[in-house]
Amino acid sequence: MSDAHIPSPQPSTGTDRVKRGLADMLKGGVIMDVVTPEQARIAEAAGAVAVMALERVPADIRSQGGVARMSDPDMVEAIMDAVSVPVMAKARIGHFVEAQILQSLGVDYVDESEVLTPADEAHHIDKHAFTVPFVCGATNLGEALRRLGEGAAMIRSKGEAGTGNVVEAVRHMRAIAGGIRRLGALAGEELYAEAKNLQAPYEIVAEVARTGRLPVVLFTAGGVATPADAAMMMQLGADGVFVGSGIFKSDEPAKRARAIVLATTSYDDPDVLAKVSRDLGEAMVGLNLEADPQAERLAVRGW
Amino acid sequence: MTTRHFPPPALGRSRVPGEGLLDDRGPHFRPTVLAGAPRIGVLALQGDVLEHLRLLDVAGAVGAPVQTTADLDGLDGLVLPGGESTTIGTLLELHNLLGPLRQRIDAGLPVFGTCAGAILLARRALRHDGTPVEQTLVGGMDMVVRRNAFGRQVASFEADLDVTGLTAPMHAVFIRAPWIEEAGSEVEVLATADTDLGPRVVVARQGALLASAFHPELTDDPRLHHLFVRLVEEAETPRKRPVRC
C-alpha cells in the first residue's frame with residue numbers, strides 16, 4: 001500500500017517503474033530480430049512479444065564486416081507501422097545521439113548493443129537521461145549491475161551474436177546467476193568490498209544480495225538457434241529470449257519462429273519440446289568460435 | 001493428466017514465465033491464506049504472471065498458474081495477466097485453451113484482466129489509430145478496446161486514479177495501455193482517466209468479469225485484487241465454498 005501514500009496528481013512518464021514495467025510484460029516471450037516489415041509480420045504472427053528492428057542480422061554483420069550502425073529511421077518506422085507488438089531498435093554503445101533519434105522515432109525500447117560497432121570506448125549512454133527504456137547486454141553480474149547503475153531497465157546476457165552457438169549464452173547466464181547466488185552468501189559488511197570487486201554501485205549490489213534477483217527482467221541472447229536452445233536458457237533462469245540470426249537465417253523462418261515461441265512457454269515440458277523440435281528444416285549453419293581464433297568476439301565490447 | 005516430474009536444473013524449475021531467478025515463490029512456498037480461500041488461476045503462457053500470484057496471496061486467495069485445460073479444473077476465478085495480447089491470444093490457440101476457457105466464462109467463471117488481459121476480454125479490438133485489428137480474443141465483456149490508446153512506450157505513465165468503491169485513489173501504472181472505447185449497457189464503468197480527448201474508461205466490470213487498462217500488479221496495492229476476490233466469492237461457481245470469516 002506504500003504506493004497509495006505518495007501523491008502524484010500529475011501523470012509522470014519515463015519513471016523506473018514504467019520503464020521496467022514494459023520488460024515485465026515481455027516475460028516468458030521471444031523477441032526476434034527483423035530487418036524488413038515483412039519479417040516483422042512473420043515474427044508477430046508466430047507469437048513474438050516484440051521485434052528488434054535492425055539493418056542486418058548479426059550473422060551478416062559478422063560476415064560482411066564494416067561499421068555497423070543504427071538502422072535507417074525509414075526502416076524502423078516501416079516496421080513500427082507493420083506490427084502492433086513493441087518495437088525495439090539498436091544504438092551503438094555510447095552513441096547517445098543515435099539513442100536520442102530512436103526515442104524521437106517512438107521506438108519502445110533501445111538496445112545499447114555490442115552487436116553494433118561501439119561509438120565510445122570508455123562510456124556507455126547515460127540512460128537515466130531518456131524517457132525511452134534501455135536494454136543492455138552483460139557477460140557477468142558486475143557488468144549487469146554497472147548497466148543498471150547507468151539506468152538500464154532490462155538486462156540480457158550477451159552470448160555471442162550471429163554464431164548460432166549457444167555456448168557463450170550459457171556461460172554468461174551462468175555467470176550472472178552464479179554471481180547473484182554468491183552475493184546472497186555474503187555478510188552485510190562484506191558487500192562493500194564486493195561492490196568494489198564487481199565495480200558496481202553499492203546500493204544495487206546490496207539490493208541484489210537482499211532480494212536474490214536482479215531488480216529488472218533478465219533475458220538471454222546471442223546464439224539461440226533451436227527450440228531446445230531457448231528452453232535450456234529458460235531453465236537456466238532467463239525470463240525470456242532474444243533470437244537474432246537464428247530465425248531468418250534458417251530454412252523455414254515462420255515454422256522455426258513458432259517452435260521457439262512454444263519452447264519458451266513450455267520450457268520445462270520435454271514432451272512439448274520433443275514435439276515442437278520436429279520438421280523445422282535446417283537450422284542456421286552456426287559458427288564455432290573455439291575452432292576459429294581469428295573470429296571477432298562481440299561480447300568483449302562494452303565495459 | 002500426467003504430472004511432469006523432471007530433474008530440476010540448478011536454479012529450480014517452475015512453470016511461471018520469468019520465475020527462473022525469483023525464489024520468492026520457491027519450493028517451500030506456502031500461501032498464508034485461510035482454509036476455504038478461493039482458488040484463482042493466473043494464465044501463465046506469457047506476461048507478468050508472478051506479480052499477480054503475489055497480489056492474489058495478499059488479497060487472500062490461493063493463486064495457481066494455468067497452462068493447460070487440466071489446470072482450469074477446480075478454479076473459482078482466473079486472472080488474465082499483462083503481457084502482449086497478440087502473443088497470449090496465439091498461445092491460447094496453440095495450447096487448445098481458447099475453447100475451454102470461453103466455455104468456462106460462459107458458465108460464469110469470474111475473470112480479471114489487466115492491460116493485455118483486458119484486451120482479451122473485449123469482443124473487439126482496435127489499433128491505436130482506431131482501425132480494426134485481427135487478433136484472437138477470448139471475449140466475454142460487451143466492450144471494444146483501443147490498443148496502445150495512450151501511445152507507445154515513451155507515453156507510458158503512472159498517475160493517481162479514483163476508482164468507484166475505493167476510498168482513496170489507486171496509483172495506476174499504464175504501460176502502452178489500452179482504453180475501453182465502447183462499453184455496452186451491461187458494463188459498469190469503475191474508473192476513467194483524463195486524456196486530451198476527454199475522460200476515457202480504464203476500469204470496468206460486467207457481472208463477475210473485471211477489466212483494468214492499468215497494472216495494479218506492478219504496485220503493492222491489492223485493492224483491485226480484493227475487489228476481484230469478492231466478485232469470486234459472490235459468484236455462483238460450480239465449486240461451492242464455505243464463506244470465509
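User: Before we start, what makes a crossover right-handed?
Analyst: Picture the strands pointing away from you. If the path from the first strand over the helix to the second then runs clockwise, the crossover is called right-handed.

User: This is a predicted model, so which elements of chain A make a right-handed β-α-β unit?
Analyst: Strand S4 covers residues 87-92 of chain A, and strand S5 covers residues 109-113. Five bridges join the two strands, which run parallel. Add the helix at residues 96-105 and the right-handed unit is made of S4(A), H5(A) and S5(A).

User: Which residue of S5(A) stands opposite A:Ala89?
Analyst: S4(A) has a parallel partner in strand S3 (residues 50-53) of chain A, with three bridges, and there A:Met88 pairs with A:Met52. On the S5(A) side, the residue opposite A:Ala89 is A:Val110.

User: How many of the six residues of S4(A) are buried?
Analyst: In a regular strand, side chains alternate between the two faces of the sheet. Here one side has A:Val87, A:Ala89 and A:Ala91, and the other has A:Met88, A:Lys90 and A:Arg92, with all of them buried. That makes the buried count six of six.

User: Why does A:Lys90 count as buried?
Analyst: A residue is buried when its relative accessible area is under 20%. A:Lys90 counts as buried because its relative accessibility is 7%.

User: Which side chain makes a polar contact of 2.9 Å with the side chain of A:Lys90?
Analyst: The contacts of A:Lys90 include A:Leu102, A:Asp111 and A:Ser113. With the side chain of A:Ser113, the polar contact is 3.4 Å. The 2.9 Å one is with A:Asp111.

Notes
Residues numbered from 1 in each chain as written. Chains lettered and ligands numbered in written order. Predicted model: local features only at pLDDT ≥ 70, side-chain atom pairs only at ≥ 80, totals over all residues. Heavy atoms only, no water. Buried < 20%, exposed > 50% of the residue type's maximum accessible area, 1.4 Å probe, protein only. Helix = DSSP H or I, 4+ residues; strand = E, 2+ residues; numbered from the N terminus. Pairing = 2+ DSSP bridges. Polar contact = N/O pair within 3.5 Å; in protein donor to acceptor, adjacent residues only side chain to side chain. Contact = heavy atoms within 4.5 Å. Lists of a residue's contacts leave out its neighbours within four places in sequence.
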